[in-house]
Amino acid sequence: MSLDITATSAWQKLRAHHGLVSDRHLREFFAEDPERGRELTVTAADLYIDYSKHRMDREALRLLVEVARAAGVEERRDAMLRGDHVNTSENRAVLHTALRLPRGASLIVDGHNVVADVHAVLDRMGEFTDRLRSGQWRGATGKRITTVVNLGIGGSDLGPVMAFRALRHYVDSGVTARFVSNIDPADLVGKLAGLDPATTLFIVASKTFTTLETLTNATAARRWLVDALGEDAVAGHFVAVSTNAERVAEFGIDPANMFGFWDWVGGRYSVDSAVGLSLMCVIGREAFGEFLAGFHAIDRHFAERPLESNAPVLLGMIGLWYSSLFGADSRAVLPYSNDLGRFAAYLQQLTMESNGKSVRADGSPVSMPTGEIFWGEPGTNGQHAFYQLLHQGTRLVPADFIGFAEPTDDLATIDGAGSMHDVLMSNLFAQTKVLAFGKTAEEIAAEGTAPELVPHKVMPGNRPSTTILAPKITPSVLGQLIALYEHQVFVEGVVFGIDSFDQWGVELGKVQALELEPILTEPQAPARQGDSSTDTLVRWYRHRRGRLV
Ligand SMILES: O=P(O)(O)OC[C@H]1O[C@H](O)[C@H](O)[C@@H](O)[C@@H]1O
């Protein structure tokens, strides 16, 4: 039986305490606890995390930790880390943390040291990328490869594409990358534009090697290559990343050019597996190793720190405080870094595919809302678009602000005296301050504002945020940030009592698309789909495509 956390005394105490503090303002919390801005912080590897601007007192934090303990977060964490089958609906271990264990470490799962397997693949990836980057690996015409095109979707795309953008300063050898994911042909056609088949290598990345989008794009890419260079060129221009060697061979890629991983790596947890091959191609094996070391530093923090000072536990529980007790639907992720422009999109799969579930592990319905909706855009762009709602709207949207001390690029300000990066960061600090403390009607009136305008200008404040600061976007820091969110997802999933590692909800749509596709194209009148909306939409489409019925 899965535990219903809401039936525990720890939860009831938390709920009762929430009733006491939920109407209080952050201004009051700071007035009565002036040290909280210094003390409600935690350092995890290179990350400095301030969680003081949350609508809670220290007692609420204590009770949240008590709930985490009552839910069995420590036991479940240890079970995951040692390789128990915590993905119960698929009866699988969940061992993305093993992907970043250092060489020489040992983790025996089902009588087998998985760390040795992980490093064997990393070594093969390293040898391949060394050859590619040094120009030893040549295409069919003898030219060096200058572009790798990753063909993958979901977990086989979002991680590499996000990290490639974030680590653009580490692209160092004349090999660059492009990423194609969508079944919309515009994606492949757009990304192949300007590429020379002779200098292009495709990485077909698919855990299952059955995903329609990826196999369709890979087939089209193969045609593009063969049309230009002939069938014999395929071997030098296609490699695969998958857990499914049989399917890879069927597709016509030599298993010698396949980089494997294992069923205990979930797609959305796989950027640090062979799925990161495209990233390794552009940043090199050493930088990729630093990326993995960053994940591992947070894994150790998560495994070893007491819950009271455990960053993923605290942030996961704070997320839950808002989603389950304040009824907040979403969390905004606001990196003050243009290079993290795809971070929110990456987190959407990680968090929402993991925790968007309605039943607990034993099949019983959950007893609280699950799956925070993650969304966001880099600052300062978001400030000129949706921050109005964050500041004055009626919804509560807790936000994660992410910023860096050192810029990846810097330029002078208008007068030439300052640094644009300083301006960027002053915006981050200003936004968290204004969200938390706002500006009262009295303060606005005292500035001589016309009385009828005062209500429009009131900044209510009491809008919570976490601030995550790091020295600089390096491969290690990026790994740390990802692992910080991976483990938050886990903590929340344990409290919900769900299986955070399956994704049954994506299957039916795939099946129905396969059923509908011939109906869009068949010459005769289509069979009814059973509902008048789908029938009419299909008819509309067939009409516009000249397939009149
Ligand atoms: O890597 P693949 O097997 O091609 O899967 C790609 C993606 O598609 C699936 O539908 C899942 O929802 C994702 O979790 C997965 O990352």
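**View 1. Helix 7 and what packs over it in this predicted model.** In helix 7, the buried residues are Leu158, Gly159, Pro160, Val161, Met162, Ala163, Phe164 and Ala166. That makes eight of the nine residues in the helix (158–166), so the rest of the structure largely encloses it. What does the covering of those buried residues include? Strand 5 (147–151) and strand 6 (176–180) are part of the cover, along with helix 12 (277–304), helix 14 and helix 19 (475–496).

**View 2. The residues around the ligand.** There are 14 residues around the ligand, and the ones that come nearest are Gly154, Gly155, Ser206, Thr211 and Gly267. Sorted by class, this shell has nine polar residues, three charged ones and two nonpolar ones.

**View 3. Strand 2 with a strand 1 partner and a strand 13 partner.** Strand 2 takes in residues 47–50, and its two faces differ in cover: Leu47 and Ile49 sit on the covered face, Tyr48 and Asp50 on the uncovered one. This fits the general pattern, because side chains in a regular strand alternate between the two faces of the sheet. Strand 1 (residues 41–44) runs antiparallel to strand 2 and is joined to it by four bridges. Look for Val42 here, which has Ile49 of strand 2 as its bridge partner. The hairpin made by these two strands has two residues between them, and Ala45 takes a positive phi near 50° there. Strand 13 (residues 465–470) is also antiparallel to strand 2, with three bridges joining the pair. In that pairing, Tyr48 has Leu469 as its bridge partner.

**View 4. Met317 in the largest nonpolar core.** This core has 142 residues, and Val67, Ala68, Ile203 and Met317 have the most contacts inside it. Which residues does Met317 contact, leaving aside its neighbours within four places in sequence? They are Leu64, Val65, Val67, Ala68 and Val491.

**View 5. Three positions that UniProt lists under "active site".** The unreviewed UniProt entry gives Glu353, His384 and Lys510 for this feature. They are spread over 158 residues of sequence and also spread in space, with up to 37.2 Å between C-alpha atoms. Glu353 belongs to helix 14 (residues 343–355). Is Glu353 buried or exposed? Glu353 is buried, because 22 other C-beta atoms lie within 10 Å of its own and 20 or more is enough to count. Setting aside neighbours within four places in sequence, Glu353 makes contact with Arg268 and Gln503. His384, on the other hand, is in the loop between strand 11 (373–375) and helix 15 (387–392). With 9 C-beta neighbours inside 10 Å, His384 counts as exposed.

**View 6. Gly371, in the loop between helix 14 and strand 11.** Gly371 is in a loop, yet it is buried, with 22 other C-beta atoms within 10 Å. Apart from neighbours within four places in sequence, Gly371 is in contact with Met352, Asn355, Gly356 and Lys357. Val506 is 135 residues away from Gly371 in sequence, and the two are 15 Å apart in space, C-alpha to C-alpha.

**View 7. Arg528, in the loop between helix 20 (507–521) and helix 21 (532–544).** Arg528 is exposed, with 11 other C-beta atoms within 10 Å. Val538 is ten residues from Arg528 along the chain, and their C-alpha atoms are separated by 9.8 Å.

**View 8. Some backbone details in loops.** Where is the cis peptide bond at Thr380? The bond runs from Gly379 to Thr380, with omega near 5°, and Thr380 is in the loop between strand 11 and helix 15. Asn91 is not a glycine but has a positive phi, near 50°. Its place is in the loop between helix 5 (73–82) and strand 3 (108–109). Asn91 counts as exposed, with 8 C-beta neighbours inside 10 Å. Phe209 is not a glycine either, and its phi is positive at about 55°. Find Phe209 in the loop between strand 7 (200–205) and helix 9 (212–229). With 25 C-beta neighbours inside 10 Å, Phe209 counts as buried.

How values were computed
Residues are numbered from 1 along each chain as its sequence is written. This is a predicted model: local features need pLDDT of at least 70, side-chain atom pairs count only at pLDDT 80 or more; totals for chains, interfaces and linings use all residues. A residue is near a molecule or strand if its C-beta atom, placed from the backbone, lies within 6 Å of it. Ala, Val, Leu, Ile, Met, Phe, Trp, Tyr, Cys and Pro count as nonpolar, Asp, Glu, Lys and Arg as charged, and the others, Gly among them, as polar. A residue is buried if 20 or more other C-beta atoms lie within 10 Å of its own, exposed if 12 or fewer, and partly exposed in between; C-beta atoms are placed from the backbone. Two strands pair if DSSP finds at least two bridges between them. A nonpolar core is a set of buried Ala, Val, Leu, Ile, Met, Phe, Trp, Tyr and Cys residues joined through C-beta atoms within 7 Å. Two residues are in contact if their C-beta atoms, placed from the backbone, lie within 7 Å. UniProt positions are given in the numbering used here, feature names are shortened, and annotations may be inferred rather than shown by experiment.
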